[in-house]
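Biologist: Thanks for sitting down with me over this one. Could you take me through it step by step, starting with the charged contacts?

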Amino acid sequence: MAVTDQSQASELPPVLQRPSKGFRWIFALLAVLLVLCAGGVYFWANIETFAEAPSAHQVVPPTLGLSPEDRDVLLGIQSGQQKTADEIAELIRNVGAQQAEVKRISDQIAALTQRIEQLQNPALVASPAPAASSPSVRTTSKPAKRDVRPLKPQGPISVGGAPLTAEPSTEQR
């Protein structure tokens, strides 16, 4: 019988004689995928417990299971966090003070700009009233006329700064 089993085993193609290694890899991959899916479902169902984090204002008491070195490190981290929080609060106060200063300066610039515009427009500015017999009566005078000058000078212009001589007339030739 052993001879017949060997002859039957040899008649099968080599792929069918023993299980392939690819089947084992597919089975292992499916097992890993199943474990990952189960972990994802567990995480999704309990996401609230994972998302909850202790707030920064809660003081965590040192646990009894820590070594003295770990406690010292933990206290150092907590004091560093408190120092950083104090520095951030100070920076926020400084930014608020600077914003108030910028607002004050902006208001001053707006007032000065308005004053400059008033001075540039003499029609809007009332000239001081002459002394009258009755202090309750105010009189306004017309604004003074400005001396109008031509924009371009007449005659020859010196570009280099040298003095110009008058053009010789026809009589002098």
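**Salt bridges, fold and surface**

Modeller: Gladly! This is a predicted model, and the structure holds 3 salt bridges.

Biologist: Which residue forms a salt bridge with Arg93?

Modeller: Look in helix α5, residues 68-120, where the two partners sit 3 residues apart and are thus separated by about one helical turn. The closest N and O atoms of the pair are 2.6 Å apart, inside the 4 Å limit for a salt bridge. The partner counts as partly exposed, at 36% relative accessibility. The residue that pairs with Arg93 is Glu90.

Biologist: How far apart, N to O, are the side chains of Glu101 and Arg104 in their salt bridge?

Modeller: Both residues belong to helix α5, with a spacing of 3 residues, about one turn of the helix. Glu101 is partly exposed at 36% relative accessible area, and Arg104 is partly exposed at 38%. Their side chains meet in a salt bridge with an N to O distance of 2.3 Å.

Biologist: Is Lys103 buried or exposed?

Modeller: Lys103 meets Asp107 in a salt bridge, 3.4 Å from N to O. The two lie 4 residues apart in helix α5, about one turn of the helix. Asp107 counts as partly exposed, at 43% relative accessibility. For Lys103 the relative accessible area is 52%, and the cut-off for the top class is over 50%, so Lys103 is exposed.

Biologist: Let's step back to the whole chain. How many helices and how many strands are there in the protein?

Modeller: Reading from the N terminus on, the elements run α-α-α-α-α. That pattern fits the count for the protein: 5 helices and 0 strands.

Biologist: What percentage of the 173 residues of the protein count as buried?

Modeller: To count as buried, a residue needs under 20% relative accessible area. The protein exposes about 17000 Å², with carbon and sulfur atoms supplying 64% of it. Of the 173 residues, the share that counts as buried is 0%.

Biologist: Which helix supplies the largest share of the nonpolar patch?

Modeller: The patch is a nonpolar stretch of surface of about 600 Å², made by Tyr42, Phe43, Trp44, Ile47 and Phe50. Two helices, α3 (21-45) and α4 (47-51), each supply at least two residues of it. The largest share is 3 residues, and it comes from α3.

Biologist: What is the relative accessible area of Tyr42?

Modeller: Tyr42 is one of the residues making the nonpolar patch, and Tyr42 lies in helix α3. Exposed means over 50%, and Tyr42 is exposed because its relative accessible area is 52%.

Biologist: Now for confidence. Which element of the protein has the highest mean pLDDT?

Modeller: For the protein as a whole, the mean pLDDT is 75, and 53% of its residues reach 70 or more. Among the elements, helix α1 (residues 2-11) has the lowest mean, 56. At the other end, with a mean pLDDT of 93, is α5.

Terms used:
Residues are numbered from 1 along each chain as its sequence is written. This is a predicted model: local features need pLDDT of at least 70, side-chain atom pairs count only at pLDDT 80 or more; totals for chains, interfaces and linings use all residues. Side-chain values use heavy atoms; hydrogens and water are left out. Patches are made of residues with over 30% relative accessible area and no salt bridge: like charges are joined within 9 Å, nonpolar side chains (Val, Leu, Ile, Met, Phe, Trp, Tyr) within 5 Å. Accessible areas come from the Shrake-Rupley method with a 1.4 Å probe; for residues, only the protein chains shown count as cover. Buried means under 20% relative accessible area, exposed over 50%, partly exposed in between (1.4 Å probe, protein chains only). pLDDT is the predictor's confidence in each residue, from 0 to 100.
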